[in-house]
Amino acid sequence: MKLLPAILTTHKYKDRQESILKTWLSYTNWLYLFYTDKSTGINQLECTDNDSYYSGAIKLLSCLNYLKDSEFHNSTWILFCDDDTVPNIKLINSILPSLDTNIVYGKAINCFTDMPDLVYPSGGAGFLVNIKKIKTSKVDFNILYKTFYSDVAFGLWMTQNNIKLINDDRFNMDCPELISKEALTYHYVKDHQTREKITKIFQE
């Protein structure tokens, strides 16, 4: 099993990208992808020239479309997350062999008021999907007429492709003061010092 982190970001947060490279991403096999607006380095997929908050959906769909046509092996799992998410790489790698490749794993939410029945994984908490499901899927850019949120767009993509979501509360939508090594992710980690601290706890 291989893990490919796909990190939603923008050129405006190059400091976060550099911090990620020095912290949790250094514990991966250096297979990673920043999907962004304006490319500022290697392993960056330039999806749009829109660098606003409202560019999340187009970035996400462009990333799915890129992965759909990629040559990554079917054993590859994609970890979608934000640039202020800190994943527990050690724990995630340990659970990958036990996961069902037909299912998406993440923190299930339904906060989109325009579609109150739509359940989707929180983008900030991060979620796991096997590359096989992406390669055999349809990526419909008409979703952009329905939302500009990346995680809502992913939920609509899942619905269109009949993909099931399993809720796992170890994917966290925020970052508490007490850090648990049993967590799979924490969100809203804005500064390098906190990102470094959490990464060290996860690797103990």
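Y35, F80, F127, F154 and W157 form one aromatic cluster, and that is a good place to start looking around. Keep in mind that you are looking at a predicted model. Over the whole structure, the count of aromatic pairs comes to 14. A pair of aromatic rings is described by two things, the distance of the centres and the angle of the planes.

Take Y35 and F80. Their ring centres are 6.1 Å apart and the planes sit at 85°; angles over 60 degrees count as edge-to-face, so that is what this pair is. Now look at where the two residues come from. Y35 belongs to strand β2 (residues 33-36) and F80 to strand β4 (residues 76-82), so the pair ties together parts that are 45 residues apart in sequence. Are these two residues buried or exposed? Y35 is buried, and F80 is buried too.

Next, turn to F127 and F154, which also belong to the cluster. Here the centres lie 4.3 Å apart and the planes are at 40°, so this pair is tilted. It links distant parts of the chain as well: F127 is in strand β9 (residues 127-130), F154 is in helix α5 (residues 150-160), and 27 residues separate them in sequence. Both F127 and F154 are buried.

Since F154 has brought us to α5, let's stay with that helix for a bit. How many of its 11 residues are buried? The number is nine, so to speak of α5 as mostly covered is fair, because buried means under 20% relative accessible area. The buried ones are S150, D151, V152, A153, F154, G155, L156, W157 and M158.

What does α5 pack against? One partner is helix α2 (residues 56-68): the axes of α2 and α5 come within 7 Å and cross at roughly 45°. The two helices are therefore oblique to each other. If you care about the sense of the crossing, α2 passes α5 in a right-handed one. You can pick out the residues where they touch: on the α2 side these are G56, A57, L60 and L64, and on the α5 side S150, A153, F154 and W157. Notice two familiar names there, F154 and W157, both members of the aromatic cluster.

Follow the chain past α5 and you meet N162, whose phi is positive, near 55°. N162 has this positive value even though it is a residue other than glycine. You'll find N162 in the loop between α5 and β10 (164-167). With 72% relative accessibility, N162 counts as exposed.

Y188 is another residue to look at in this way. It is not a glycine, yet its phi is positive, about 65°. Y188 sits in the loop between β11 (185-186) and α6 (192-203). Its relative accessible area is 52%, and the cut-off for exposed is over 50%, so Y188 is exposed.

Now back to the strands, starting with β9, where L128 lies. Its relative accessibility is 0%, so L128 counts as buried. Leaving out residues up to four places away in sequence, L128 touches L3, W77, I78, L79, I92, L96, L99, I103, V104, Y105 and F171. Compare positions along the chain with positions in space: L128 and P5 are 123 residues apart along the chain, and their C-alpha atoms are separated by 9.2 Å.

D82 gives you another case of this, in strand β4. At 17% relative accessibility, D82 counts as buried. The C-alpha atoms of D82 and G123 are 6.7 Å apart in space, with these positions 41 residues apart in sequence terms. Setting aside neighbours within four places in sequence, D82 is in contact with I7, L8, G123, G124 and H187.

For V119, go to the loop between β7 (108-109) and β8 (120-121). V119 is partly exposed, with a relative accessible area of 44%. Which residues does V119 touch, not counting residues up to four places away in sequence? They are A108, I109, N110 and L165. V119 and S70 are 49 residues apart in sequence, and their C-alpha atoms are 27 Å apart in space.

One last stop takes us back to aromatic rings, this time with a charge. R16 lies over the face of Y13, at 3.9 Å from the ring centre.

Terms used: Residues numbered from 1 in each chain as written. Predicted model: local features only at pLDDT ≥ 70, side-chain atom pairs only at ≥ 80, totals over all residues. Heavy atoms only, no water. Phe/Tyr/Trp six-rings, centres within 6.5 Å; stacked < 30°, edge-to-face > 60°. Helix = DSSP H or I, 4+ residues; strand = E, 2+ residues; numbered from the N terminus. Buried < 20%, exposed > 50% of the residue type's maximum accessible area, 1.4 Å probe, protein only. Lys NZ or Arg CZ within 6 Å of the ring centre and 35° of its normal. Axes fitted to C-alpha atoms, helices over the stretch in contact; angles between N-to-C directions. Parallel < 35°, antiparallel > 145°, perpendicular 65-115°, else oblique. Left-handed = near helix turned anticlockwise from the far one by under 90°. Contact = heavy atoms within 4.5 Å.
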